Amino acid sequence: MKLLFRIAKNEFRYLFYSPIAWFLIIVFLVQCALVYTSPVYDLALYQDMVLKNNPMPRISMATESLTLKVFLMGGIFSRAIGNLYLFIPLLTMGLVSREINNGTVKLLYSSPVQLRQIVLGKYLGIMLYSLLLIGIIGIFMITGIFNIKDADYGILFSAALGFYMIVCAYSAIGLFMSSLSTYQIVSALASFTIIFILSRIGGLWQKYDFVRDLTYFLSLQNRTGKMLQGLVTTKDVIYFIVVSSMFVGFTLIKLRNGREVKPWYIKAGRFAGVFAATLIIGYVTSRPALTGYWDTSATKMNTIHPRTQQLLKEMGDTTLEVTLYTNLVDRMVSSGLPDVRNVNYLGDFWEAYLRFKPGISFKYEYYYDNDAKATDSALYKMLPGKSLKQIATEFAESLDMDLSMFKTPEEMRRMIDLKPEGYRLIMQLKYKGRTEYLRTFEDNFVWSDEQNMNAALKHLLYGDVPKLLFVSGELERNIYKKGEREYAFHTTLKIARNALVNMGFDVDTINLATQHIPEGITALILADPKMDLSPAVHDKLKNYIDAGGNMLITGEPGKQYVLNPLLKQIGVQLMNGQLVQPTYNETPDRVMPYLTATAAGLAEEPLVLYLRKMLQAHNTPDSVQTQMRGVAGISYAGDSTFKVAPLAMTSPGRVWLKAGDLVTDSTLPPFNPLAGDIKQASFPTMVQLTRSIHGKEQRIVVCGDADFLSNNQTGDHSVGRALYSWLNYNQYPVYTPRPQPEDTRLQINAAIAGVQKIVYIWVLPGVILLLGTILLIRRKRK
C-alpha cells in the first residue's frame, strides 16, 4: 500500500509541475468564472432595480431556484461537464506512454513493484490531481452559498459528486489510451474517440430490449443529468465505478499482455472477461428493484408527491402493466420509438414511479392507422394519391425503420379499438382487471404529468369516477365544441393536459327536457342558458337542489331573467345590467375582480396556493385577480338557508353597475344614476353557497360570468378547476403541490457582484499564472 501511494504521489507531483496542467487549470478557472459571475451580476442588477422601486417586498421577487439557475441550468456544472473532454485527455495522454518513451518503464518492471500497483498508483495520482478541478468549482460553490440566500446545499453536493465521478471515468479512459501508444497526441485523440463513442452508444441497437439496456448502461450521455438535479442513484454511482474499473483493468491487462508470451485468444479473453463482467454488473444493478435513490434537493423536486407514493403503495405487489401504443403516421411517433425509449420514456417519465413500485411491466405495440378520409385529411393531402399502407411505407423509410415491425390497421383493431383516442401515442394501464388510458400531449414534456397519473392510478385502485353532467337543451355552453364561446378545452378535449377528462372526471351532457337527473352524480353544471327554462326543467333542477345536489351555475349579462327564477330558491340573484370597469388599455366590459380569502380554501390549484401566499404576506387578497369579460353583479339575501360567501369581488370604487346595454366600441358612457346605474363599495361576481343536508355539506357556486371557463385564451381555467375540485370535495384532481424554493434572492448588490466579476475573471487567474510561472521557473533552474 505504501508503494502504491508513493507512485500516486510521484504522479501527482509530475502533473503539478507540468506547464500543460497549469495552463489547463487557468483555462478551467476562467471558464468557470465567466459562467458564474455573468448571471450573478445580471441577477443583482435586476434585483437592485426591483428593490429600488419596492424597498420592502413582502414576498420573494422570483419563484425559481437561483442555485439551479446559476450552477446547473446552463451554469458552472453543466458547462464544465460539457467541456471535460477538452481537458482530461490532455492531462492523461502521458500517464503510461511517457514512461515508455523515457525508458523508465523498464525500471518500474524490474523494481519490486507489482504491475497492479503501478497502474492503480498512476490512476490514484490523476484522481488526486482532479481534486484541484473540484477545488476550483468549490471556490464558486462557497461564493454562491454566501451570495444566494438559503442556497440549496444538497444540489451542490450532488452536482459536485457527479462532476468528480465523470472526471474519474474520463481519467480511466485516458489511462488506458495512454497504454496503447507511445505517441501522446495519439493517446489524446484516442481518448476523445472513446469518450465520443460512449456518449453515443446509447442510441445503437435500440430495437432489442436486452441489447438496449446494455448499450444504455454503457452510454455516458446524460449519465450525470440526475445528479445535476440533486438526485443520486446507486445505478449511476455504480456505473461510474464499474466503467472506471473496466478501463483501469484494460490498462492492467494491456501491460501484462505486453510482458507475457501467451496465445492471442487468452489475451483477448482477458479483455472480454472484464467487459462481460462490467456488462453483467451494470445490467443487474440497474434493475428498478435493486436501485437506491437519494434526493438531495431541499424541496425534494426529484421525488413524486407523497400522495402519489401512497397510491403506488396501495397497489402492493400486484404488477401494473403498461402498454405503449405508437402510431407510425401520428405526429408524435418519434416520442414512442425504441431509440428514445430509455431516456425519455423510461428515464424521464417512468423512473420516478419505478422508484416506489418496481413491479411495473412494460409492453410496446407499433402500428399504423388513420381515421380520416382521404379527401379531408392533412395526411393524405401531404402525400396525394397514396394509400395508407403506401404512406406508412414512406414514413418508415424516413425513420430508417422496417414497416414489418408495425401492425396493420386490421391487426391492431382486432387487439384494441383506439379510434376514440384518435390513434394517438397513448399508454394503457392494466391492474387487477381494470384499464385506464394515460394520454400524451403536444407540448415540451409530451408525457402525462403527476396529476394525470394520479387520476389513472386512483381509478385503477378504487374504480370510482366522479361524474359531472352539463345541462343542455337551452343553448348552454357546449362541452364538445372548440369555438371561443364553448367549453371543450377544459372539459372533454383529450389533447388538453388539464382538461377534466385527464384529471379523473367523467364528463357528459344531460338534456333535462327528456332525461332525469341520475343519482350519484358529483355535480350538475348549468352554464349560461340562453332560453327560458321550461317548467319541467325548472322543477327537475329545483328538486335536485332540494335533495342536496351540488351545482355550478354561470350566467351572462342580458340573460339574468333566465336564471333568476331558479336562483331565487337559494337566495341569490344576478343583478340587472352589466358591471363596468374603465381602464386605459381595455374595453370597459373587461372586469378584473380579485379573489377573496374564501377562494383561498377552494383547492390546491397553483393560483389558489399563490393567493394563500399573498394572504400570508399582505393579509389582503386584492393582489390576485382574474379576468371576466361581460359580468353581472350578484346580490344575495341574508336570510337564505345557505351560508353565502363571495369568491370574487370587484376592486373597491373602480366598478359600477351599468343599467341597460353597454356599447364597448365607442366612448365610455358616464355614470348615470337617473338611468339606473349603481355604485357601491364592491360587487360580488362569484359566490359559494353551503349548507348541511342529509348528513353532508351541499355545495353550490354561482357566477355572473360564463366566459371565464370558455375556450378563449383569457379564460381562467385554474379558477375553474378549483371550483370543480371543491364541488367534488377535493377528491379529484389529486393535486401534488410542491414547496416553493427558498433560494430565490441574492444577498449581494450589483456593485459587489461587479467586484467579484473582476476578481474571479482577471485577478485570481493572474495570481495563479504568476505563481505557476515562478514555480516552474524555479524548478527548471534546480
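Strand 12 and strand 18 (residues 656–658) are joined by three bridges and run antiparallel. Within this pairing, Val-580 finds its bridge partner in Trp-656 of strand 18. The model described here is a predicted one. The two strands belong to an open sheet of three strands, ordered 12-18-19 and paired in antiparallel fashion. Strand 12 (578–580) and strand 19 (678–679) form the edges of this sheet, each pairing on one side only.

A further open sheet is built from eight strands in the order 8-7-9-10-21-20-17-14, and its pairing is mixed. Its edges are held by strand 8 (506–511) and strand 14 (594–595); each has a single partner strand, so one side of each is left without a neighbour in the sheet. It is helpful to walk through part of this order pair by pair. Strand 10 (residues 551–554) runs parallel to strand 21, and four bridges join the two. Here Met-551 is matched with Ile-700 of strand 21 as its bridge partner. On the sheet packs helix 25 (residues 717–727), which touches strand 7 (467–472), strand 9, strand 10, strand 14, strand 17, strand 20 and strand 21. The direction of helix 25 makes about 155° with that of strand 21.

Continuing along the order, strand 21 (residues 696–703) meets strand 20 through eight bridges, and these two strands run antiparallel. One of the matched pairs consists of Met-686 and its bridge partner in strand 21, Cys-703. Strands 20 and 21 form a hairpin with two residues between the strands, and in this hairpin His-694 adopts a positive phi near 55°. Strand 20 is also joined to strand 17 (residues 643–649), by six bridges and again with an antiparallel run. In that pairing, Val-644 has Leu-689 of strand 20 as its bridge partner.

How much of strand 20 is buried? Strand 20 (residues 684–693) is mostly covered, with nine of its ten residues buried. In a regular strand, side chains alternate between the two faces of the sheet. Besides its pairing with strand 17 and with strand 21, strand 20 is touched by helix 25. Helix 22 (residues 535–546) likewise lies across strand 20, together with strand 9 (523–527), strand 10 and strand 21. Relative to strand 9, helix 22 runs at about 140°.

Turning to helix packing, helix 5 (residues 84–92) and helix 9 (residues 153–180) pack with their axes 9 Å apart and at an angle of about 45°. Because of this angle, helix 5 is oblique to helix 9. The crossing of the two helices is right-handed. Helix 5 contributes Leu-84, Tyr-85, Ile-88 and Thr-92 to the contact, while helix 9 supplies Phe-163, Ile-166, Val-167, Tyr-170, Ser-171, Gly-174, Leu-175 and Ser-178. By residue class, this contact of helix 5 with helix 9 comprises eight nonpolar and four polar residues, and no charged ones.

A final site of interest is a loop residue. Thr-299 is found in the loop that lies between strand 2 (293–295) and helix 15 (306–314). Is Thr-299 buried or exposed? Its relative accessible area is 18%, and Thr-299 therefore counts as buried, since the cut-off is under 20%. Leaving aside neighbours within four places in sequence, the contacts of Thr-299 are with Pro-739, Gln-740 and Pro-741.

Definitions and conventions
Residues numbered from 1 in each chain as written. Predicted model: local features only at pLDDT ≥ 70, side-chain atom pairs only at ≥ 80, totals over all residues. Heavy atoms only, no water. Buried < 20%, exposed > 50% of the residue type's maximum accessible area, 1.4 Å probe, protein only. Pairing = 2+ DSSP bridges. Axes fitted to C-alpha atoms, helices over the stretch in contact; angles between N-to-C directions. Parallel < 35°, antiparallel > 145°, perpendicular 65-115°, else oblique. Left-handed = near helix turned anticlockwise from the far one by under 90°. Contact = heavy atoms within 4.5 Å. Nonpolar A, V, L, I, M, F, W, Y, C, P; charged D, E, K, R; others polar.
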